[in-house]
Amino acid sequence: MGNAIVFDNVRKSYGQKAVIPNLNLSIAEGTITVLVGPSGCGKTTTMKMINQLIQPSSGKIYVNGSNALDISPVELRRNIGYVIQQVGLFPHMTIEENVTLVPRLKKQAGEVNREQVDRMLQLVGLNPDEYRHRYPRELSGGQQQRVGVARALMSDPPIVLMDEPFSALDPITREQLQDELIRLNQELNKTIVFVTHDMDEALKIADQIIVMQDGHVIQQSTPEQILRHPANEFVRGFIGEKRLTSHLTQSVDEVMVKHPVTIAPQKGLAEAVKMMVRKRVTGLIVVDKDGTYLGLADSADIHARYPEESLSIRDVMRADAAVVNVSTPLAETIPLVQQAPYGYVPVVDDLGRLRGLLTRASLVDVLARPYLEGGEEHE
Ligand SMILES: Nc1ncnc2c1ncn2[C@@H]1O[C@H](COP(=O)(O)OP(=O)(O)OP(=O)(O)O)[C@@H](O)[C@H]1O
Ligand SMILES: [Mg+2]
């Protein structure tokens, strides 16, 4: 997996003041990378240099391997979707007209692909038949945010920049959109760069978190690593002390997903695919009829073999993937989950029966729980 975005000694100054003195960072393809840091530390400036809304004073920025300055701004923005905090829908245009704005500016109106509009609206959880012809004022704030995301994805850009896109929303809508974003990233394999003030949001959605201060990267790592090994006092303070302590006292049983989606080994591949689509999961846990765990069938493995009609799940599952016993101390399971090829690890009892599933998300929740209960705010 290559890097979608690389900053090489990037400097941005306004007059005498260097708001970004010397920035180096790499953002891997297909990941959700979240920039966090105090107000004014340079997050938006960093984002806008990626799509050249702001020009760096010096240094190089590479987008998909090419020097961003060699790519025309128009071309660059076609490859980079951008979602801003104040959605920016045009009130006098319908949802469909808003979503198709960028492609319509580039082409003849007739060429806009109707199916693509429907697909995008469906992706963000809006029924196209219901919403296509409405105006923004006829949508809730959360629905408008969804349209903003659909618009940014419309021309299928490999990179999407999102600057505090959900900050104006109520907590429930916000959680829904975070879940959608994680799903979109998994389904479409986009590189997403996301800015937030909200550490909970960062911990939930990020593959990588970049903590910034005064235009510098203080730490770049996975949510788990940042929680477990904050680089310095600033990062500790930003995460919040409560989050950092006593986060591993729970048992596997308490945090695992209790009813993972299972499938019997003799089922065919078409049936497995249907089940994954219906349950919105990327993998199935294979169990026999008395509940004994047999293996993992991930969508990648199933799709690779899909045309072979005679195959059953038993033929494509992985029987050798790591499993944990339900009595394992939680701390010991973290590296297993991090290294698991699909990001999840089945939990079994002493008799080998499936009890649940440990996922990255379930562990991140545990790590953040002391903080969530504390209700402390960090700006
Ligand atoms: N056009 C400008 N002229 C001078 N200074 C600027 C300009 N634009 C931004 N700055 C300064 O650059 C710094 C970084 O701004 P930026 O918008 O990147 O911060 P941010 O991390 O996104 O903050 P916030 O969390 O408040 O959105 C700030 O100190 C800001 O005042
Ligand atoms: Mg900003």
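This briefing covers one strand of the chain and the interface between its two domains. The structure is a predicted model. An automatic or database assignment splits the chain into domain 1, residues 3-239, and domain 2, residues 252-365. Strand S3, residues 32-36, is largely enclosed by the rest of the structure, because 5 of its 5 residues are buried. Between domain 1 and domain 2, about 710 Å² is buried, and 1 salt bridge is found across that interface.

**Strand S3**

- Each of the 5 residues in S3 has under 20% relative accessible area, the cut-off for buried, so the strand is largely enclosed by the rest of the structure.
- Ile-32, Val-34 and Val-36 point one way from S3, while Thr-33 and Leu-35 point the other way.
- Burial applies to both of these sets: all of the residues named are buried.

**Pairing of S3**

- S3 runs parallel to strand S8, residues 191-195, and 4 bridges join the two.
- S3 also runs parallel to strand S9, residues 208-213, again with 4 bridges.
- Thr-33 has a bridge partner in each of these strands: Val-193 in S8 and Gln-208 in S9.

**Domain arrangement and contact**

- The C-alpha centres of domain 1 and domain 2 are 31 Å apart.
- Domain 1 contributes 9 residues to the contact, and domain 2 contributes 6 residues.
- In general, the size of an interface is often expressed as the accessible area lost when the parts come together.
- For domain 1 and domain 2 that area is about 710 Å², with carbon and sulfur atoms giving 48% of it.
- On the domain 1 side, the residues that lose the most area to domain 2 are Arg-183, Glu-224 and Arg-228, which together account for 55% of what that side buries.

**Polar interactions across the interface**

- The rule finds 1 salt bridge between domain 1 and domain 2.
- Asp-207 and Arg-360 form a salt bridge, with their closest N and O atoms 3.2 Å apart.
- Counting residues at pLDDT 80 or more on both sides, 1 residue pair is in polar contact between the two domains.

**Elements on the domain 1 side**

- Helix H8 (171-188), helix H9 (199-205) and helix H10 (223-228) are the elements that each give two or more residues to the side of domain 1 touching domain 2.
- H10 gives the most to that side, with 3 residues.

Technical notes:
Residues numbered from 1 in each chain as written. Chains lettered and ligands numbered in written order. Predicted model: local features only at pLDDT ≥ 70, side-chain atom pairs only at ≥ 80, totals over all residues. Heavy atoms only, no water. Buried < 20%, exposed > 50% of the residue type's maximum accessible area, 1.4 Å probe, protein only. Pairing = 2+ DSSP bridges. Contact = heavy atoms within 4.5 Å. Buried area = accessible area lost by both parts, 1.4 Å probe. Salt bridge = Lys/Arg side-chain N within 4 Å of Asp/Glu carboxyl O. Polar contact = N/O pair within 3.5 Å; in protein donor to acceptor, adjacent residues only side chain to side chain.
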